Amino acid sequence: MRTNLDESASSNNQLPMLKLVDSSLRLCAVPLSIAAIWVTVTNQQENDTYGMLKYSDLSGLKYLVWISVIGAGYALVAAASSWVRYLVSKAWIFFISDQIVAYLMVTSVAATMEIYYLAYNGDKEISWSEACSSYGRFCSRVKLALILNSFALCCFLVLAVISAYRAFSIYKPPFVDSKEMEEARG
């Protein structure tokens, strides 16, 4: 039978590993976000018929760039501050900020996926034709940015789960007497 002391000791043994995974994921998200930014910002293609298409012509791609900048910056700051003893004890700060960044990354992936879908398929109902036959290289780079941003999103989703675990594991579950439960049911 395990005691609270045993559980506490096993939980303390897991914390350094959890901290290492946390920092590694944060540091992995940085190059993924920077690569997505670079691929997107340098994305442009000239077409003789339709002219120049640049990332700045599409608001969804500009949104991806800004959210990736926020995500990379936050990941760097959070990775560094996760080793500062005073801030590590503030699990709620990491929990709330990790949730916000994860949700922002979800929205940027969704916006980019919408652009990618419309570029490849168009929308026949409103007379939008697909654009990737005319701008193939541009579409390929949007796809690459989407993939990189999706991997960064995965890092932030796992970080959101880790920070939720850290924030809520400091609380013990409420104690309910089994006799009270039987009386409440009966």
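In this predicted model, helices H2 and H4 are roughly antiparallel to each other. The angle behind that description is about 155°, and any angle over 145 degrees counts as roughly antiparallel. Helix H2 covers residues 59-81 and helix H4 covers residues 91-121, with the two axes lying 9 Å apart. As the two helices pass, H2 crosses H4 in a left-handed sense.

A good number of side chains can be followed along this contact. From H2 come Gly60, Leu61, Tyr63, Leu64, Ile67, Gly71, Tyr74, Ala78 and Ser81. H4 answers with residues including Phe94, Asp98, Val101, Leu104, Met105, Ser108 and Ile115. Sorted by class, the residues of the contact of H2 with H4 comprise 12 nonpolar, 7 polar and 1 charged.

Serine 108 offers a handy close-up of helix H4, where it is found. With a relative accessibility of 0%, serine 108 counts as buried, because the cut-off for that class is under 20%. Leaving aside residues up to four places away in sequence, serine 108 touches Tyr63, Leu64, Ile67 and Asn149. Of these partners, Tyr63, Leu64 and Ile67 also appear on the H2 side of the contact between H2 and H4, while Asn149 falls within the span of helix H5, residues 136-168.

That brings the description to the pairing of H4 with H5. These two helices pack at an angle of about 155°, and their axes are 8 Å apart. H4 and H5 are therefore roughly antiparallel to each other, and their crossing is left-handed. The contact of H4 with H5 contains 25 nonpolar, 7 polar and 3 charged residues.

H4 itself is built from 31 residues. From its first C-alpha to its last, H4 reaches 44 Å, which is close to the 45 Å expected at 1.5 Å a residue. Just after H4 comes glycine 122, whose phi is positive, at about 70°.

Elsewhere in the chain, valine 41 belongs to helix H1, which runs over residues 4-41. Valine 41 has 39% relative accessibility and so counts as partly exposed. Not counting residues up to four places away in sequence, valine 41 touches Tyr55 and Val65. The C-alpha atom of valine 41 is also separated by 8.4 Å from that of lysine 62, a residue 21 positions away along the chain.

Notes:
Residues are numbered from 1 along each chain as its sequence is written. This is a predicted model: local features need pLDDT of at least 70, side-chain atom pairs count only at pLDDT 80 or more; totals for chains, interfaces and linings use all residues. Side-chain values use heavy atoms; hydrogens and water are left out. Axes are lines fitted to C-alpha atoms, for helices over the stretch in contact, and angles run from 0 to 180 degrees between N-to-C directions. Helices (H or I, at least four residues) and strands (E, at least two) are DSSP runs, numbered from the N terminus. Angles under 35 degrees count as roughly parallel, over 145 as roughly antiparallel, 65 to 115 as roughly perpendicular and the rest as oblique. A crossing is left-handed if the near helix is turned anticlockwise from the far one by less than a right angle, and right-handed if clockwise. Contact means heavy atoms within 4.5 Å. Ala, Val, Leu, Ile, Met, Phe, Trp, Tyr, Cys and Pro count as nonpolar, Asp, Glu, Lys and Arg as charged, and the others, Gly among them, as polar. The expected span of a helix is 1.5 Å times one less than its number of residues. Buried means under 20% relative accessible area, exposed over 50%, partly exposed in between (1.4 Å probe, protein chains only).
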